[in-house]
Structures are given as C-alpha cells and as structure tokens.
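Take a first look at the protein and its ligand below. The text that follows walks through them step by step.

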Amino acid sequence: MEEKLTLAIESSCDETSAAVLRGGRTVLSNIIATQIPVHQKFGGVVPEIASRKHIVNIMPVIDEAISKAGVELKDIDQVAVTYGPGLAGALLVGVSAAKSLAFSLDVPLIGVNHLEGHIFANFISHPDLKPPFVSLVVSGGHTSLVHVKGYNSFSLMGQTRDDAAGEAFDKVARVMGLPYPGGPQIDRLAKEGNPEAIDFPKALQNKGNYEFSFSGLKSAVLNYLNSMKLKGIEVNKADVAASFQNTVIEVLIGKALQAIKETGCNTLVLAGGVAANSSLEARLRAAAERNNIRFCYPDKILCTDNAAMIGCRGYYQAEAGSFSNLYLNAVPGLALQDV
Ligand code: KG4
Ligand code: ZN
C-alpha cells in the first residue's frame, strides 16, 4: 500500500507555507512565501499586515505545493496545520484554509504545535533519526529543552522565563541599526569580531536548572552601547555582536549538555530558526563530538518556518490516531507541553 499523502499548512508568523509529504519523511513539495521584505521597514513583524499577506498568499501557495508535488487535491489523505503558538490573525488564515480543505475533501484534519514541528524538521533531514533524544528548540519566540522520548511522547525540561534567544538576537540587532530579522545579521557581523572582547552576563547558571533567561543579557548589551555613547567612545559593532552571540551560545551548549547527561540520551537535536546560526551549529557539533554524542540539525531551509516540518509532525500524530475536529481554533499561546 502506498504511504499516505499529507498536505501541510503553516502561517504562524511571517511565512505562508504549504507542503505535500508522502509518508512522514518524503517531502514532495515545500513552498514558502516569505513576508520578511514587507516587515523589514517596520523593524519587526506587524501582525495585521502579516494576516493580510497570508490571506493573499495562502491559496496560491497551496496550489503551487499541490502542482509541484505532481499530485491532485483529490489524492490528499489528510491535512495538517499549525494551530499555535503564533500570531492569532496569522494562524487563523492557515487554520481556516485547512479546515475548509479537510471538510471539502472529506479527509482527517490534524492540528499541529508549531514548536513540535520545528523538532520534527530533523526527521526529514535525518531519515535514520529516531527518539529518544534531547532537543534544543531555539526560535524567535521560544527557547526550550525537550526530552523527546517517542514520536508522541515529550517531556519539557525547561524553557525561557522571558525573551527567547531569537528575540534577543533581533532586539540587539535592532539597537545596533541592523535590519530585521537580526539573527542572520548578528551571525554575519560576529564572524568579524572577537567573542571574548566584552564580558556579558549569563543567567540561571546553577546546575540542573534548564530554564533560560535572555532579557538580562539583552539589557546588558543595551547598557554597554549606551554607556559607550555617553562616553563618546565608538563601539566595535563586530565585537559586540560576537560577544553577545558567544554568551548566548555558551548558555545553550552548557544546558544542552547537562540535559543530555541527566536523561542518558546520546543524541542532541537542534531545532528552530536560530538553528541556522553558523557558530551555534559548529560549536554544538564540536561539543557533541567531544562528548561522544550524535548531533543533528535540520537543513537550512527546514530551520526557519516551513510547512514540511508541520506535515512530518502531523503524520506521526495521525499514526497515533491523534486528529482534530472542525472546531479546531488558533491557540496563539500554545505551549510545548509534556505529552
Ligand atoms: O523559528 P523561526 O523561523 O520563527 C519562530 O517560530 O519564531 O525563528 C526566527 C528567528 C528570528 O529571531 C531570527 O532572527 C532567528 O530565528 N534566526 C537566526 C539566524 N537565522 C534566523 N538567529 C541567529 N542566527 C541566524 N543565522
Ligand atoms: Zn518557528
């Protein structure tokens, strides 16, 4: 019997995306319409503009995903969609489209947690990857350590108390006058700077604490920039970027390795938009090698928001019989929870 065809839809923030998967891990198409240039002039995502853009993009993106996959809508066996976390109006566009399609095609609907989707991007990039493992999820809105015990069994070890890592990258970049999104800009600038130049603080460093806090670090960078300005000293922006990034990475690596030790897992899986950071990836890889553990991270295109990862997560949910009904609604504050 041929494996199921899943149509997946993602519209939680500033990317409108649709994908078609055969089975859980074979991506036939993954179309991503990014809105980054639209939001850039505002220095961040404007929710109302994001919703409007999703409305314009959603049907063309779905049509393209279907035709690129070489299938027809009538061949689709199930529809998976992100229902949270994210921007309410943005999520609603994808959820409404998915519900309408599932109803008209008379196929099951699967509501997917966006953060679980980020983790599952790794199953697409690494066909032999299986639970158990520890996943470090670092995105624009979330920073979490998750013990993935099975395809449908997770335990949240800790998450950020305030800013997410990506959010800190974006805010620090903004005050340095770099365009949105700031993560890739800091990544690029940091390559020219000295990561040891400035000593920024690391929060919650006590052993066995898997919570994160990046707002103090963000304020420390802002204070540093302001005090230099007051003193009339020109700052070396590359050094600031490199030192800030180095602080974030050291915190992430330290906690991820502790989590690996505590759980007894021998695989560390990086996920989320910040996984695209070249230094984070390289240093986690080196740390994993030193500790004799396997390290996985998704292909670049699967790091940031995309529907293929939602389709993969949806497929495994459906395997366990976990479907949604047509009352599915957007849940902007949906958390990563123990499952
Ligand atoms: O996962 P994602 O696409 O959206 C959310 O679900 O939040 O993550 C977007 C975040 C943004 O904060 C962006 O600045 C950050 O990922 N990001 C990076 C890099 N590429 C994207 N941060 C650091 N270095 C990068 N190369
Ligand atoms: Zn995301």
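Where does ligand 1 lie relative to domain 1 and domain 2? Keep in mind that this is a predicted model. Domain 1 covers 5-119 + 303-319, and domain 2 covers 131-297. Both give residues to the shell around ligand 1, so the ligand lies between them. Ligand 1 also sits in the largest pocket. Three elements give two or more residues each to its shell: α4 (114-125), α5 (165-175) and α6 (182-190).

Now look at the shell itself. It holds 19 residues. His-118, Gly-140, Asp-170, Asp-187 and Gly-273 come nearest to the ligand. By class, 11 residues of the shell are polar, 5 are nonpolar and 3 are charged.

Next come the polar contacts. Gly-140 places a backbone N or O atom 2.8 Å from an oxygen atom of ligand 1. His-114 uses its side chain: a polar atom there lies 3.1 Å from a ligand oxygen. At Gly-166, a polar backbone atom is 3.2 Å from an oxygen atom of the ligand. Taken alone, ligand 1 exposes 560 Å², and the protein buries 89% of that.

Turn finally to the backbone. Two peptide bonds are cis. One runs from Gly-84 to Pro-85, with omega near -10°. Pro-85 is in the loop between β4 (78-84) and α3 (88-105). The other runs from Pro-131 to Pro-132, with omega near 5°. Pro-132 lies in the loop between α4 and β6 (133-138). Asp-106 is not a glycine, yet its phi is positive, about 55°. Find Asp-106 in the loop between α3 and β5 (109-113).

Technical notes
Residues are numbered from 1 along each chain as its sequence is written. Chains are lettered from A and ligands numbered from 1 in the order in which they are written. This is a predicted model: local features need pLDDT of at least 70, side-chain atom pairs count only at pLDDT 80 or more; totals for chains, interfaces and linings use all residues. Side-chain values use heavy atoms; hydrogens and water are left out. A residue is near a molecule or strand if one of its heavy atoms lies within 4 Å of it. A polar contact is a pair of N or O atoms within 3.5 Å; within protein, one must be able to donate a hydrogen and the other to accept it, and residues adjacent in sequence count only if both atoms are side-chain atoms. Accessible areas come from the Shrake-Rupley method with a 1.4 Å probe; for residues, only the protein chains shown count as cover. On a 1 Å grid over the protein atoms alone, a cavity is a set of points where a 1.4 Å probe fits but cannot get out, and a pocket is an open set with protein on both sides within 12 Å along at least five of seven lines; lining residues have an atom within 4 Å of a point. A molecule sits in a cavity or pocket if more than half of its atoms lie within 2 Å of its grid points. Helices (H or I, at least four residues) and strands (E, at least two) are DSSP runs, numbered from the N terminus. Ala, Val, Leu, Ile, Met, Phe, Trp, Tyr, Cys and Pro count as nonpolar, Asp, Glu, Lys and Arg as charged, and the others, Gly among them, as polar. Domain bounds come from an automatic or database domain assignment.
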